[in-house]
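Let's take a walk through this model, starting at the ligand and working outwards to the sheet and the helices.

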Amino acid sequence: MLGWFKKKFSKKSEDTTAEQQAATEIVAPEEEILQPEVPAIPESVLPSPAEGDVELAAVPPEPEPKAEEAETAQQTEALEPEAQEIKISKDEAAPVSLFKRLAEKLAKTREAFTDQIDSLFLGKKEIDAELLDNLEELLITADLGVATTRELLDNARRRVGRKELADPQALKVAIKEQIKSFIADYQQAAEMVMPENGPFVIMVIGVNGVGKTTSIGKIAHKFVKAGRSVMLVAGDTFRAAAVSQLKIWGERNKVLVVAREDGADPSSVVYDAMDIAIAKEYDVVLVDTAGRLHTQTNLMEELKKIKRVMGKRLEGAPHEVMLVVDATTGQNGISQAKLFHEAVGLTGITLTKLDGTAKGGIVANICRELKTPIRFIGVGEKMEDLRDFDPDEFIEALFQGRSSETKPTA
Ligand SMILES: Nc1nc2c(ncn2[C@@H]2O[C@H](COP(=O)(O)OP(=O)(O)OP(=O)(O)O)[C@@H](O)[C@H]2O)c(=O)[nH]1
Ligand SMILES: [Mg+2]
């Protein structure tokens, strides 16, 4: 259960005291996680515990509000989630079935990309100009982008010229290998760095409807499973539905959701939430924000303000600025990422909707163009449909994941 966390996160510094290490490292066996030593929290902001629910252990059990905390609690809205069965993620399942599941989820993306490459080469006896032109067109329409495609084709043409690639099959293999290397080479260490002290604050941003709130719910699930206390913050105060949607994810995960009435300044909601998170020693704070077009200057300014406020309240926060990109938006996703990066500086990407008709090229394009690590990929709407992005596993699933020949990666 804790394996995911240890793999995904490292400590900020090796030079920590034993006490600090206890805050950043999971050392407790599962039974101890059931009784975490977390200080009291105002009752009004706590979810009501579900009896016998293991996952609930991450939430402090005995609320005892202090005067000033009670005041903050009045401003923030309490969430009283109902007891609800938590779907157990399949993350800990055997690697083969995990891989099969990923390969199945990527079936449509594969059809739109690698299967087309396969058909293009079918029956071809020699590498001619027509084949190279068709390949170029296919790669561009598969969301690989003009620059990435050009680099691929220039390399291929050079190698054909040098007779290194003698026949279409060799060319096909070379193209696939190079796409793989774009993904693997440009994918920086996907490990996230936990702060030495205080909560790990993740600010989730992106254009409308890309899957920010859903991804927050799924990420929260991963942390809860790893025994971490999680707070969700409704920084999207733009629509009433946005707050209710986050609350539903809070209920599913049985974690605290800090929210305010619609129209509140998102920065002040975030500030209050950070106060509670710091005072109550939450491990992880996931901040939802309203969808916005990367071209809307005033809304991008609002994002900068939210980020500034976090940093003022807690040095180093947000520790992760996560852009959520809908993989089906293609090249536009790259433009989004560039402008969001200019505004607030991205540290990670979650690529959603890869279970749909997304074209696989987007992954190689993002890795090559943005050089920002893809942390997670969304492969469905359910709680467990979020996977750590593992380049090798992803490439295997994308290129070789025919249902009859699925195999695990090392
Ligand atoms: N198939 C699929 N659907 C997804 C995935 N992630 C999110 N969705 C769906 O996409 C839709 C939008 O998701 P939201 O989480 O509301 O997106 P959002 O970015 O928070 O939207 P706004 O707050 O309106 O900007 C919902 O119907 C989600 O269920 C995914 O990985 N796969
Ligand atoms: Mg949302």
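A residue is near a molecule if its C-beta atom, placed from the backbone, lies within 6 Å of it. Keep in mind that this is a predicted model.

With that cut-off in hand, ligand 1 turns out to be surrounded by 20 residues. The closest are Gly211, Thr213, Thr214, Gly291 and Gly378. What does the shell around ligand 1 have by class? Sorted that way, there are 3 nonpolar, 11 polar and 6 charged residues. Helix 11, which covers residues 212-225, gives the most to this shell, with 3 residues.

Now for the sheet. It is an open one of 8 strands, and reading across it gives the order 5-4-6-3-7-8-9-10, with mixed pairing. Strand 5 (256-258) and strand 10 (386-388) sit at the edges with a single partner strand each, so one side of each has no neighbour in the sheet. From one strand to the next, the twist averages 25 degrees.

If you'd like to zoom in on one pair, try strand 8 (residues 348-352) and strand 9 (residues 374-378): they run parallel and are joined by 3 bridges. Across that pair, threonine 350 stands opposite phenylalanine 376 of strand 9.

Helices pack on this sheet too. Helix 12 (residues 240-253) touches strand 4 (230-235), strand 5 and strand 6 (284-289), and its direction makes about 170 degrees with that of strand 4. Helix 14 (residues 297-313) also packs on the sheet, touching strand 3 (200-205), strand 4 and strand 6. The direction of helix 14 makes about 175 degrees with that of strand 3.

Next, helices against helices. Two packed helices are described by the angle between their axes and the distance between the axes. Here are two pairs set out that way.

| Helix pair | Angle | Axis distance |
|---|---|---|
| Helix 8 (residues 129-144) and helix 9 (residues 146-161) | roughly 150 degrees | within 9 Å |
| Helix 15 (residues 331-344) and helix 16 (residues 361-370) | about 30 degrees | 10 Å |

Angles over 145 degrees count as roughly antiparallel, and helix 8 and helix 9 are therefore roughly antiparallel to each other. Their crossing is right-handed. On the helix 8 side, the contact is made by Leu132, Leu135, Glu136, Leu139, Ile140 and Leu144. Helix 9 answers with Val146, Thr148, Thr149, Leu152, Leu153, Ala156 and Arg157. By class, this contact of helix 8 with helix 9 has 9 nonpolar, 2 polar and 2 charged residues.

Helix 15 and helix 16, on the other hand, are roughly parallel to each other, and the crossing of helix 15 and helix 16 is right-handed. Gly333, Ile334 and Ala337 from helix 15 meet Ile362, Asn365, Ile366, Glu369 and Leu370 from helix 16. The residues of that contact divide into 5 nonpolar, 2 polar and 1 charged.

Finally, a couple of backbone details in the loops. Most residues other than glycine have a negative phi, and most peptide bonds are trans. Which peptide bond is cis? That would be the one from alanine 317 to proline 318, with omega near -5 degrees. You'll find proline 318 in the loop between helix 14 and strand 7 (320-326). Glutamate 281 is worth a look as well: it is not a glycine, yet its phi is positive, at about 55 degrees. Glutamate 281 lies in the loop between helix 13 (266-279) and strand 6.

Methods: Residues numbered from 1 in each chain as written. Chains lettered and ligands numbered in written order. Predicted model: local features only at pLDDT ≥ 70, side-chain atom pairs only at ≥ 80, totals over all residues. Axes fitted to C-alpha atoms, helices over the stretch in contact; angles between N-to-C directions. Helix = DSSP H or I, 4+ residues; strand = E, 2+ residues; numbered from the N terminus. Parallel < 35°, antiparallel > 145°, perpendicular 65-115°, else oblique. Left-handed = near helix turned anticlockwise from the far one by under 90°. Contact = placed C-beta atoms within 7 Å. Nonpolar A, V, L, I, M, F, W, Y, C, P; charged D, E, K, R; others polar. Pairing = 2+ DSSP bridges.
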